[in-house]
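Here's a quick briefing to read alongside the model. Keep the sequence and the 3D view open as you go.

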Amino acid sequence: MTNESDKDRFEWLDAGRALGDLSPQEEREWKELSAKLEATADPELDWIVSSLETEFALRNSRSLSPALVDRLNDDAKEFVHEEEATTPPGKFVPMLSFAAAGWLAAACFAVLFIANLGLNQKCDEELTADAARSALVERAGDTEVTFTTFSGTADFASFSGDVVWSDSDQSGFMRLNGLAANDPTKAQYQLWIVDPSRATEPVDGGVFDIATSEGDSIVPIDAKLRIQSPQAFVITREKPGGVVISKQEVVVAIAQAS
């Protein structure tokens with residue numbers, strides 16, 4: 001390759017390096033061209049990627065504080081400053097070409113868009129479940145809507161929650177607070193709906209997990225049979241995947257329908 005072609009290729013590889021998207025072969029090629037051209041990594045690329053990642057985290061993370069984001073920004077600026085200051089005279093520091101800049105921007109925003117889409121979808125699902133539950137609660141005066149609160153058993157005394165269920169819609173939600181997070185590979189929670197008019201055994205209301213004991217968890221009810229007259233809702237802890245008929249060895253909470 002000509003020297004200009006080498007430089008162009010190095011710029012492309014350096015953009016991939018900043019994104020962490022180089023294959024082992026491309027990494028070797030980057031090192032070879034770096035030695036050949038006496039080139040160093042472009043700190044502007046690292047700054048672009050760092051800024052985008054920090055901005056993304058600030059907008060979407062529930063745990064990243066503004067103070068930490070400011071610190072990350074300051075550290076990134078300091079990193080760029082140090083890299084620029086220690087670059088030996090005469091070394092080739094790649095200037096980001098228009099083509100490489102376009103490729104980097106497209107790649108960055110594609111990655112961030114996909115991640116952002118996933119988080120937004122999760123948030124939308126949570127908001128939809130909460131809104132649907134609220135709508136059912138507002139109809140709690142209807143004869144076909146059951147609303148009642150859970151009472152935790154002795155081992156789950158700190159737990160609180162409620163359940164709302166619509167016979168006509170055949171749908172409902174649980175709002176749970178203080179229920180210990182579970183490891184799905186070891187145990188899962190399962191809801192049972194007691195309906196004497198429908199079956200002799202409680203109806204499976206769905207297996208679910210709790211990610212955190214802090215704050216409210218809105219859990220949709222997934223009744224496996226049609227419910228006609230619910231008398232009680234019972235949460236048990238079962239083996240992964242749940243069971244067909246519960247031995248009720250670990251009863252977490254019970255909500256008696258009025």
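Strand E5 (residues 188-194) and strand E8 (residues 232-238) run antiparallel and are joined by seven bridges. Strands here are DSSP runs of type E with at least two residues, helices are H or I runs of at least four, and both are numbered from the N terminus; two strands pair if DSSP finds at least two bridges between them. This is a predicted model, so to speak, with local features needing pLDDT of at least 70 and side-chain atom pairs counting only at pLDDT 80 or more, while totals for chains, interfaces and linings use all residues. Residues are numbered from 1 along each chain as its sequence is written, and side-chain values use heavy atoms, with hydrogens and water left out.

**The five-stranded sheet**

- At one end of the E5-E8 pairing, glutamine 188 has glutamate 238 of E8 as its bridge partner.
- Valine 194 is matched with alanine 232 in E8.
- E5 also pairs with E6, again antiparallel, this time over five bridges.
- Within that pairing, isoleucine 193 sits opposite valine 203 of E6.
- Put together, you get an open sheet of five strands in the order E2-E9-E8-E5-E6, with antiparallel pairing.
- Strand E2 (151-152) and strand E6 (203-208) are the edge strands, each pairing on one side only.
- E5 is mostly covered, with six of its seven residues buried (buried is under 20% relative accessible area, exposed is over 50%, and partly exposed is in between, using a 1.4 Å probe and protein chains only).

**The four-stranded sheet**

- A second open sheet has four strands in the order E1-E3-E4-E7, and its pairing is antiparallel too.
- Strand E1 (145-149) and strand E7 (216-220) are at the edges with a single partner strand each, so one side of each has no neighbour in the sheet.
- On average, neighbouring strands of this sheet are turned by 10° against each other, direction ignored (the axes are lines fitted to C-alpha atoms, for helices over the stretch in contact, and angles run from 0 to 180 degrees between N-to-C directions).
- Strand E4 (residues 171-177) runs antiparallel to E7, and five bridges join the two.
- One of the matched pairs there is arginine 175 with isoleucine 218 of E7.

**Serine 166**

- Serine 166 is part of strand E3 (residues 160-166).
- With a relative accessible area of 0%, serine 166 counts as buried.
- Its side chain makes a polar contact with the side chain of serine 168 at 3.1 Å (that is a pair of N or O atoms within 3.5 Å; within protein, one must be able to donate a hydrogen and the other to accept it, and residues adjacent in sequence count only if both atoms are side-chain atoms).
- The serine 166 side chain also reaches the backbone nitrogen of aspartate 169, at 3.0 Å.
- Setting aside neighbours within four places in sequence, serine 166 is in contact (heavy atoms within 4.5 Å) with Leu136, Arg139, Glu144, Val145 and Ser171.

**Aromatic pairs**

- There are three aromatic pairs in the structure (rings of Phe, Tyr and Trp, the last by its six-membered ring, pair if their centres lie within 6.5 Å; planes under 30 degrees apart are stacked, over 60 edge-to-face, the rest tilted).
- Phenylalanine 10 and tryptophan 30 have ring centres 5.5 Å apart and planes at 25°, so they are stacked.
- Phenylalanine 10 is in helix H1 (residues 3-19) and tryptophan 30 in helix H2 (residues 24-37), so this pair ties together parts 20 residues apart in sequence.
- Tyrosine 189 and phenylalanine 208 are stacked as well, at 5.7 Å centre to centre and 25° between the planes.
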